[in-house]
Amino acid sequence: MSLTKPKTISEAISADHKSLDLYASKIRSSTTLEEKTKWRNQLTWALARHAISEELTMYPAMEKHLGEEGLQLTNKDREQHQAVKKDLYKLQSLSPSSSDFAPLLDRLMTDLHEHIEHESQEDMPRLENKLSREDSQALAKSFERTKMITPTRSHPSAPNRPYLENFAAMLAAPIDRFRDLLSSYPGNEELPKNHRSLL
């Protein structure tokens, strides 16, 4: 029996990015409004959790281990996240049948890919260079655990810095989770393994 090694923070972040691309692709390729809505909900759920978890776990680690450079990098990351959150906030309640939906999804994914490029080229190599494999794995575990308690919808007006964001997240998460119960999502068999059975 082979055991897989725990993911590093770069591997965990990258796996999420691939899932987000899959969900956007599923929205575009779905042929019914019901299916498009399910995948829109899935994209919203995953992207909101991903962004806040990065802000609460990875960004403080970058600031701690990279000092002033880390602070500059995370300031840029937060600006990029804010653009993504604003687009996601509009998308999460917009019907896929709206003529505004496809252009908004395209803009969201363009903004997201700009951020992903920055993370993969700038943030992750610098952070991983400062962390041992064990520390990176521990950070990845913290990132994954944090996603379990974060809001599942975009709240662009909420604070995006630790402590204030933690407090805002704790207030928004229960309301978001209740709304999730009233929304439709793809079945577990349609999801990547790393996002199954979390709704």
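Proline 60 has a relative accessibility of 27%, so this residue counts as partly exposed. The model is predicted. Proline 60 is found in helix α2. Its C-alpha atom lies 8.6 Å from that of glycine 70, 10 residues away in sequence.

**Nonpolar cores**

The largest nonpolar core has 22 residues. Leu43, Leu91, Leu105 and Leu108 touch the most other members. Three helices each supply at least two residues of this core: α1 (9-29), α2 (33-91) and α3 (101-130). The largest share comes from α2, with 9 residues. A second, separate core holds 15 residues, among them Ala12, Leu127, Ala140 and Phe143.

What does leucine 105 contact, leaving aside its neighbours within four places in sequence? The partners are Ala24, Ile27, Arg28, Leu43 and Leu91. Two of these, Leu43 and Leu91, are also among the core members with the most contacts to other members.

Leucine 104 lies in helix α3. Is leucine 104 buried or exposed? Its relative accessible area is 8%, so leucine 104 is buried. Beyond its neighbours within four places in sequence, leucine 104 is in contact with Asp87, Lys90, Leu91 and Leu94. For one of these partners, aspartate 87, the C-alpha separation from leucine 104 is 6.9 Å. The two residues are 17 apart along the chain. Leu91 thus appears in the contact lists of both leucine 104 and leucine 105.

**Charged pairs**

The structure holds 11 salt bridges. Three of them are tabulated here, with the N to O distance.

| Acidic residue | Basic residue | Distance (N to O) |
|---|---|---|
| Aspartate 106 | Arginine 28 | 2.9 Å |
| Glutamate 63 | Arginine 78 | 3.0 Å |
| Glutamate 34 | Lysine 38 | 3.8 Å |

The pair of aspartate 106 and arginine 28 links distant parts of the chain. Aspartate 106 sits in helix α3 and arginine 28 in helix α1, 78 residues apart. Aspartate 106 counts as partly exposed because its relative accessibility is 38%. Arginine 28 is also partly exposed, at 44%. Arginine 28 is in contact with leucine 105 as well.

Glutamate 34 and lysine 38 form a pair within helix α2. They are 4 residues apart, which means a separation of about one helical turn. How do the two side chains differ in exposure, buried or exposed? Glutamate 34 counts as exposed at 52% relative accessibility, whereas lysine 38 counts as buried at 17%. The cut-offs matter here: buried means under 20% and exposed means over 50%.

Glutamate 63 and arginine 78 meet in another salt bridge. Glutamate 63 is partly exposed, with a relative accessible area of 25%. Arginine 78 has a relative accessibility of 3%, so this residue counts as buried.

Some charged residues form a network. Asp16, Glu144 and Lys147 are linked by salt bridges in this way.

**Aromatic rings**

How many aromatic pairs does the structure hold? There is 1. A charged side chain also lies over a ring: arginine 49 covers the face of tryptophan 45. The distance to the ring centre is 4.0 Å.

Key:
Residues are numbered from 1 along each chain as its sequence is written. This is a predicted model: local features need pLDDT of at least 70, side-chain atom pairs count only at pLDDT 80 or more; totals for chains, interfaces and linings use all residues. Side-chain values use heavy atoms; hydrogens and water are left out. A nonpolar core is a set of buried Ala, Val, Leu, Ile, Met, Phe, Trp, Tyr and Cys residues joined through side-chain atoms within 4.5 Å. Buried means under 20% relative accessible area, exposed over 50%, partly exposed in between (1.4 Å probe, protein chains only). Contact means heavy atoms within 4.5 Å. Rings of Phe, Tyr and Trp (its six-membered ring) pair if their centres lie within 6.5 Å; planes under 30 degrees apart count as stacked, over 60 as edge-to-face and the rest as tilted. A charge sits over a ring if NZ of Lys or CZ of Arg is within 6 Å of the ring centre and within 35 degrees of the ring normal. A salt bridge is a side-chain nitrogen of Lys or Arg within 4 Å of a carboxyl oxygen of Asp or Glu.
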